[in-house]
Structure formats: structure tokens, C-alpha cells
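Here's a quick tour of what sits inside this protein and what shows on its surface. Have the structure open as you read.

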Amino acid sequence: MTLRFIAAAAMAVSLAGCGINSIPTAEETVNARWADVQNDYQRRADLIPNLVATVKAAGAQEKSILVEVTQARAGANAVTLSPEELSDPAKVRQYERAQNNVSLSLQRMQEAYPELKSQGNYTTLMSQLEGTENRIVIARRDYNTAVQAYNTRIRTFPDAVGAKIFYGAKPKVPFQATSANADVAPTVNFGNGA
């Protein structure tokens with residue numbers, strides 16, 4: 001009985017030393033890091049088009065407000081009143097209406113948009129683009145680190161014994177840029193022809 005206990009204990013220690021638990025743990029870490037990479041790519045695919053659309057919409061809204069103000073100002077500048085016309089009530093009213101149109105346009109713009117937002121939206125977009133690309137870089141680096149640890153574990157003694165016998169473990173492939181354009185960040189298009 002003592003001999004069996006010693007044999008069982010020796011077997012347990014030798015199996016533990018052969019990566020019986022560490023190989024699946026390392027493999028799950030690799031899989032989790034790969035899921036992080038995919039998650040960050042999906043985040044980019046979901047987030048960036050929505051941010052670009054938001055920035056475009058805010059820019060278009062502000063453009064229409066600024067066009068209205070510009071047109072009102074141009075209309076006011078088109079109506080002139082010479083010193084000789086100051087005695088003509090119709091000309092004075094026409095001049096006042098043109099100037100009031102500018103004031104009303106500016107007042108509506110100030111009430112609805114006390115602060116134009118498109119510049120802030122562009123800044124937010126740039127920050128999100130940078131942050132998203134940084135997340136992807138970090139996720140790929142973490143994946144490659146997990147792959148290196150796993151590959152080292154399944155190729156070094158004593159874990160290599162258990163890796164081959166129990167799991168038929170094969171090395172994982174680290175992330176590598178495969179596309180000719182992988183080093184080029186996505187293009188952001190605001191539809192302005194540039």
C-alpha cells in the first residue's frame with residue numbers, strides 16, 4: 001500500500017512537471033489574447049464610421065448656420081443708405097430690416113449653438129482614431145507575448161513531454177502583418193474631395 005502511494009505521488013509529480021495543467025492554461029491565454037485582438041478590430045470597424053458620420057453631420061449643421069449668417073450679412077451689406085436717403089422712411093426701414101436680419105441670424109445661432117462643436121468633434125475623432133489604433137497595437141503585442149510563452153512552454157523540457165503526449169500541441173503563429181498595406185492606417189473621408 002505504501003508502495004502504491006509513493007508510486008501515485010511520483011506519477012502525480014511527474015505529470016505536473018510535464019505541463020499537464022500548464023499547457024492548456026497557456027493555450028487558453030493565447031486564445032484570450034487573440035479574442036482581444038479581434039475585439040479591438042471590431043471596435044474600430046464599429047466606432048470609426050459612426051464617429052466620422054457624427055463629425056460630418058455636426059459640420060454640415062454648423063455649415064448651414066454659418067451660410068445663413070453669411071448670407072444675412074451679405075444682404076445687409078448690399079443695402080446701403082447714403083446721407084441723402086436718410087430722409088426717405090422706406091429706405092431707412094429697408095436698411096433697418098437688412099441689419100435686423102443679420103442680428104436675428106446671429107442671435108438664433110448663439111441661442112441654438114452657443115459654441116460651435118465641429119472643431120471639438122474633429123479633435124475627438126482624432127483622439128479616438130489614435131486610441132483605437134493604440135488598442136490594436138497593444139492587443140497584438142499581448143497576443144504575440146502569449147504565443148511566445150506558449151510556444152516556449154511546449155518546446156522546453158519537461159512541459160514538452162506532456163504537450164506532445166497528452167495534447168499533441170503545435171506552435172501557435174504570432175501576429176504578423178500580411179497585407180501589403182497593413183502598415184497604412186485606415187483613410188478617413190469627410191466627403192470633401194480631398
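Keep in mind that this is a predicted model. Let's start with Ala139: setting aside neighbours within four places in sequence, it is in contact with Arg33, Asp36, Val37 and Asp40.

Next, take a look at Asp40, which is found in helix α2. Not counting residues up to four places away in sequence, Asp40 touches Arg135, Ile136 and Ala139. Which side chain of opposite charge is nearest to Asp40? That's Arg135, 4.5 Å away, and Asp40 has no salt bridge even though Asp40 is buried. The salt-bridge cut-off is 4 Å, so a 4.5 Å gap falls outside it.

Ala139 and Val37 also turn up together in the largest nonpolar core, a set of 12 residues that includes Ile23, Val30, Tyr143, Tyr150 and Ala169. Two elements, α2 (22–78) and α4 (118–155), each give two or more residues to this core. The biggest share comes from α4, with 6 residues. Apart from this core lies another one, of 6 residues, with Ile48, Val52, Leu125 and Leu129 among them.

Now for the outside. Phe157, Val161, Ile165, Phe166 and Tyr167 make a nonpolar surface patch of about 550 Å². Val161 belongs to helix α5, which covers residues 159–167. Why can Val161 count towards a patch? Its relative accessible area is 31%, and patch residues need over 30%, so Val161 clears the cut-off. With that value, Val161 is partly exposed.

Here are the helices side by side:

| Helix | Residues |
|---|---|
| α2 | 22–78 |
| α4 | 118–155 |
| α5 | 159–167 |

How values were computed:
Residues numbered from 1 in each chain as written. Predicted model: local features only at pLDDT ≥ 70, side-chain atom pairs only at ≥ 80, totals over all residues. Heavy atoms only, no water. Patch = residues over 30% accessible without salt bridge, like charges linked within 9 Å, V, L, I, M, F, W, Y side chains within 5 Å. Areas by Shrake-Rupley, 256 points an atom, 1.4 Å probe, with all protein chains shown as cover. Helix = DSSP H or I, 4+ residues; strand = E, 2+ residues; numbered from the N terminus. Buried < 20%, exposed > 50% of the residue type's maximum accessible area, 1.4 Å probe, protein only. Core = buried A, V, L, I, M, F, W, Y, C linked by side-chain atoms within 4.5 Å. Contact = heavy atoms within 4.5 Å. Lys, Arg positive; Asp, Glu negative; His and termini not counted.
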